[in-house]
Amino acid sequence: ASLLRAEHNIIVIFDNLGTNESALKVGVDDTCRLRRLHTFNKGPRTALVSTRGEECSRPMNDILTEALHEAIIATSNNVLIANRYGRDIGPQKKKLSALEKTSSVLAQKHTQLSLQLRDLYEQVSNGKITRAYRDEASAAVRKERDALEARQKHLESQMNELKQQIQAILFFADAFKAYQRRPVLTQELANVMLDKIEVHADSSIVIRFRLASYQYTYIPSKP
């Protein structure tokens with residue numbers, strides 16, 4: 001759900017702000033001040049409160065729609081070029097590759113330790129070692145294997161997180177491609193693209209995208 005707060009003459013709209021008809025239906029009262037919105041059945045609950053109460057000559061809905069369209073079009077080329085050459089996912093893929101190599105080494109070591117345990121029991125059966133020696137040696141091997149499994153579990157968590165980041169970046173680029181094909185900002189596309197929208201007291205609108213390296217500042221044209 002979207003969140004909103006006003007601070008330092010900035011109205012901040014947080015995550016998952018869809019820009020369908022419901023989400024962007026920003027109203028004004030008789031004095032042209034931004035007013036609190038009601039809750040819609042679909043889309044996030046949004047509340048805008050003017051920090052200065054200045055008069056406006058255009059509905060905020062129109063301004064936000066125009067700002068978002070301009071921001072997405074202006075940002076599209078950079079996003080899609082970066083996607084084509086793997087710039088945005090490059091660091092994540094490099095880290096993932098390194099973790100996968102480490103995980104492979106640990107898996108081999110885990111197999112070796114399991115074989116050591118089996119050999120210890122076989123050697124007792126063959127009378128090559130005593131049960132006391134086997135118990136002592138196997139306890140040390142199990143301890144090492146348990147530590148190895150804990151490390152493998154941590155690596156698996158890191159790899160899954162990186163895979164999710166890579167997938168999110170790919171979805172991010174796909175959203176821009178979809179918008180280029182059909183410039184209609186649906187709730188789904190907005191959730192993938194947008195991170196935060198800041199409406200400043202000077203009427204400028206800063207649109208921050210999901211990837212932190214992308215943002216756009218919209219300056220409304222004067223009537």
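A residue counts as buried here when its relative accessible area is under 20%. By that cut-off, Phe-172 of this predicted model is buried, because its relative accessibility is just 1%. Phe-176 goes one step further and is buried at 0%.

These two rings also pair up. The whole structure turns up 4 aromatic pairs, and one of them joins Phe-172 and Phe-176 in an edge-to-face arrangement, with 5.0 Å centre to centre and 65 degrees between the planes. Both residues sit in helix α3 (residues 131-181), and since they are 4 residues apart, about one helical turn separates them. The pair isn't on its own, either: Phe-172 and Phe-176 belong to one aromatic cluster together with Phe-209 and Tyr-214.

Helix α3 has a packing partner in α2, whose buried residues pack against it. The buried set of α2 includes a run of leucines, among them Leu-96, Leu-99, Leu-106, Leu-113, Leu-117 and Leu-120. Polar side chains turn up in that set as well, including Gln-92, Ser-103 and His-110. Helix α2 itself covers residues 90-125, which makes 36 residues. From first C-alpha to last it reaches 53 Å, close to the 52 Å expected at 1.5 Å a residue. After α2 comes Gly-127, with a positive phi near 75 degrees.

Over in strand β3 (residues 194-200) lies Glu-198. This glutamate counts as buried, because its relative accessibility is 9%. Its side chain has a polar contact of 3.2 Å with the side chain of His-200.

Technical notes. Residues are numbered from 1 along each chain as its sequence is written. This is a predicted model: local features need pLDDT of at least 70, side-chain atom pairs count only at pLDDT 80 or more; totals for chains, interfaces and linings use all residues. Side-chain values use heavy atoms; hydrogens and water are left out. Rings of Phe, Tyr and Trp (its six-membered ring) pair if their centres lie within 6.5 Å; planes under 30 degrees apart count as stacked, over 60 as edge-to-face and the rest as tilted. Buried means under 20% relative accessible area, exposed over 50%, partly exposed in between (1.4 Å probe, protein chains only). A polar contact is a pair of N or O atoms within 3.5 Å; within protein, one must be able to donate a hydrogen and the other to accept it, and residues adjacent in sequence count only if both atoms are side-chain atoms. The expected span of a helix is 1.5 Å times one less than its number of residues. Contact means heavy atoms within 4.5 Å.
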